[in-house]
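Please open the model in your viewer and keep the selection tool at hand. The stops below follow one another, each with something to select and a note on what is there.

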Amino acid sequence: MSKRWIYAMWVVFIGIFAVMYALNLAADFPNHTPWHIDWAKYTDEGWYGNAAIRAHLFGHWYVPGDFNPAPAVPLWPFLEWILFFFTGVTVEAARGLAVALFFANLVLSYTLLRPRGPKWMALLALTLMVTSPFLYCFSRLAILEPLLTTLLLLALNLTIRLPRMRRPVAMSVVVGVLFTLMMLTKTTAIFLAPAIGWALFAAFWDRGEASSDTSRSSLRSWFHQCALRCAAAATVAFAATFGVWMALVAALGYLGDYRYLLFVNNYVKPREFYWPLLSFWWSFHATIWVDHILIPLAAALMAASLVAATVFSERTRWGTDLLIDPVFGACILAAGGYIVFMTYQNHPQPRYFAVVAVFCFLIVAMATEALVLQAGLLRWLGWGAAAVTAIAVAVNGAQTLSFATHPEYTFVTAARQLTSYIDQHPNGNRLLVSISGDEITLITHIQTLCDDFSMRTKRFPDLGTKLAVYKPGWWATWNDIDPGTLEDIHTHYSLEQVAEFRAFDDPERNVLVLFKLHPLPDAQVRLINGNNLQQPLPDDKILIPIE
């Protein structure tokens, strides 16, 4: 069989798995996975797209006193807002956008690797991506990580080509604008800046070293000066465009919402002075969430390249050449940068590793190819790494195929049943309060408020005041009741538990419980005295735990 046919069959294999990502988009995040604890499947799709959802369904994108992340992360809801003009507001459309970005990530990964090695290296990276059950789960959610990965891959593709462009300084402005778009996708993009910086300087260094001996000194100097000018142009472009956005946010009065997003993601740090070490280990060790085979392999290959570059540099240059490669170094810094972010936050979540996974898979492909090209023992190590990746592809492909061929629809069913119950049993205002409210709105279009995040202002100092202003008729929670939330609700309402709807597999969050909210007579307000409102009251009907 000719090489052309082998490559053609390989591309078809990749295409088949890629298409599976786009099927059954209304289905649950796969149940019974190691990542069932991630809250994104309950909340994030609605939260970070709520500006687009509200604008199309209710004619306004902003709800005072509620969770409004769009001023801080506007790019994703803007793209959804455009999409919904053509598709209407549906969860399938929102997830379809995320899958389209995953397809873009496949193309951009190929264009990033193909100029640096044989075709099989790039196809290997794509194979690891499409067969990954981890990426299958998180790339089908309408969350921010797929878009952030797309923009970073775009920036890297452009950056490594700057030395070959006629006007590299002018094109560096585009790199700066892309980084602004990354920051407007997710503020954690700041931790990815070193990856772009490395790609820029390493690309110019590599170009300078490749010049002829007769002109090497002058060309090397020119390339290095050009690298500095390009870096300056990209930095100025980012500072100018991001500064304009921040000035606009401040001028329009949304700076509080920007700060609130940072506040709710600022988790409590331990008091011990050595907490960063503990947090780093937690974040680093959690990379195993991505893949039990490929992540250890990526770590082993990075360690091997470092040892080869420092200890055996006189015998072989494969480690040195790999580490100074603009793309390989950028992949390490991208994955490492996001691990540093999780270390700083002290709260790693599975979805965060969707960024790490892509660049670890690129690392595996590049390092395996570099070893295979060597002689002797190194080549055998390369083929050993290739064999391990083949095992991973088989195991992961079988799991991904199982996910794709056994869709479940428990959450969309629960959301529709809940909304149907509300419509069949009117209770004042058809407004639902829930931590998963925006997610339910995306599915059924019922108007909702969030009970977990409420930016405190003079007008809305707490959740109780927000409820008093908007006067919802319904509240939904998962499995149990938070005492603080109950306290806020009790200031103006009594609760009547009326229905339960099962969804998902997390034993702590697998029952969506619906309550009617009954306003207190004569608009009276209960006063908080200790924990007097954190327990069931005589007018309540509460059958689930309060904890």
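Begin by selecting D38 and R351, which form a salt bridge whose closest N and O atoms are 2.8 Å apart; a salt bridge here is a side-chain nitrogen of Lys or Arg within 4 Å of a carboxyl oxygen of Asp or Glu. The model is predicted, with local features needing pLDDT of at least 70 and side-chain atom pairs counting only at pLDDT 80 or more, while totals for chains, interfaces and linings use all residues. Residues are numbered from 1 along each chain as its sequence is written, and side-chain values use heavy atoms, with hydrogens and water left out.

Because D38 lies in the loop between α1 (3–21) and α2 (44–47), and R351 in the loop between α16 (326–345) and α17, the pair ties together parts that are 313 residues apart in sequence. Helices are DSSP runs of H or I with at least four residues, strands are runs of E with at least two, and both are numbered from the N terminus. D38 counts as buried at 2% relative accessibility, and R351 is buried too, at 9%; buried means under 20% relative accessible area, exposed over 50%, and partly exposed in between, with a 1.4 Å probe and protein chains only.

Next, select R95 and E45, whose side chains meet in a salt bridge of 2.7 Å, N to O. This pair links distant parts of the chain, since R95 belongs to helix α5 (residues 91–113) and E45 to helix α2, 50 residues apart. R95 is buried at 5% relative accessible area, and E45 counts as buried at 0%. Add D44 to the earlier selection, as salt bridges that share partners join D38, D44 and R351 into one network.

Turn now to A203 in helix α10 (residues 193–209), which counts as buried at 6% relative accessibility. Its C-alpha atom is separated by 7.8 Å from that of L162, 41 residues apart along the chain. Beyond its neighbours within four places in sequence, A203 is in contact (heavy atoms within 4.5 Å) with T159, I160, P163, W198 and P326.

For the interior, select F359 and L514, the residues with the most contacts inside the largest nonpolar core, which has 160 residues. Such a core is a set of buried Ala, Val, Leu, Ile, Met, Phe, Trp, Tyr and Cys residues joined through side-chain atoms within 4.5 Å. Helix α17 (residues 353–372) supplies the largest share of this core, 17 residues. A second, separate core of 18 residues includes V433, W475, L495 and I544. Outside its neighbours within four places in sequence, L514 has contacts that include L418, Y421, W474, V498 and F501.

Move to the surface and select F78, W81, I82, F85 and F86, which form a nonpolar patch with about 570 Å² of accessible area together. Patches are made of residues with over 30% relative accessible area and no salt bridge, like charges being joined within 9 Å and nonpolar side chains (Val, Leu, Ile, Met, Phe, Trp, Tyr) within 5 Å; accessible areas come from the Shrake-Rupley method with a 1.4 Å probe, and for residues only the protein chains shown count as cover. Within the patch, I82 is found in helix α4 (residues 75–87) and is partly exposed, with a relative accessible area of 34%.

Finally, select the whole protein, whose secondary structure comes to 22 helices and five strands. Of its 547 residues, 55% count as buried.
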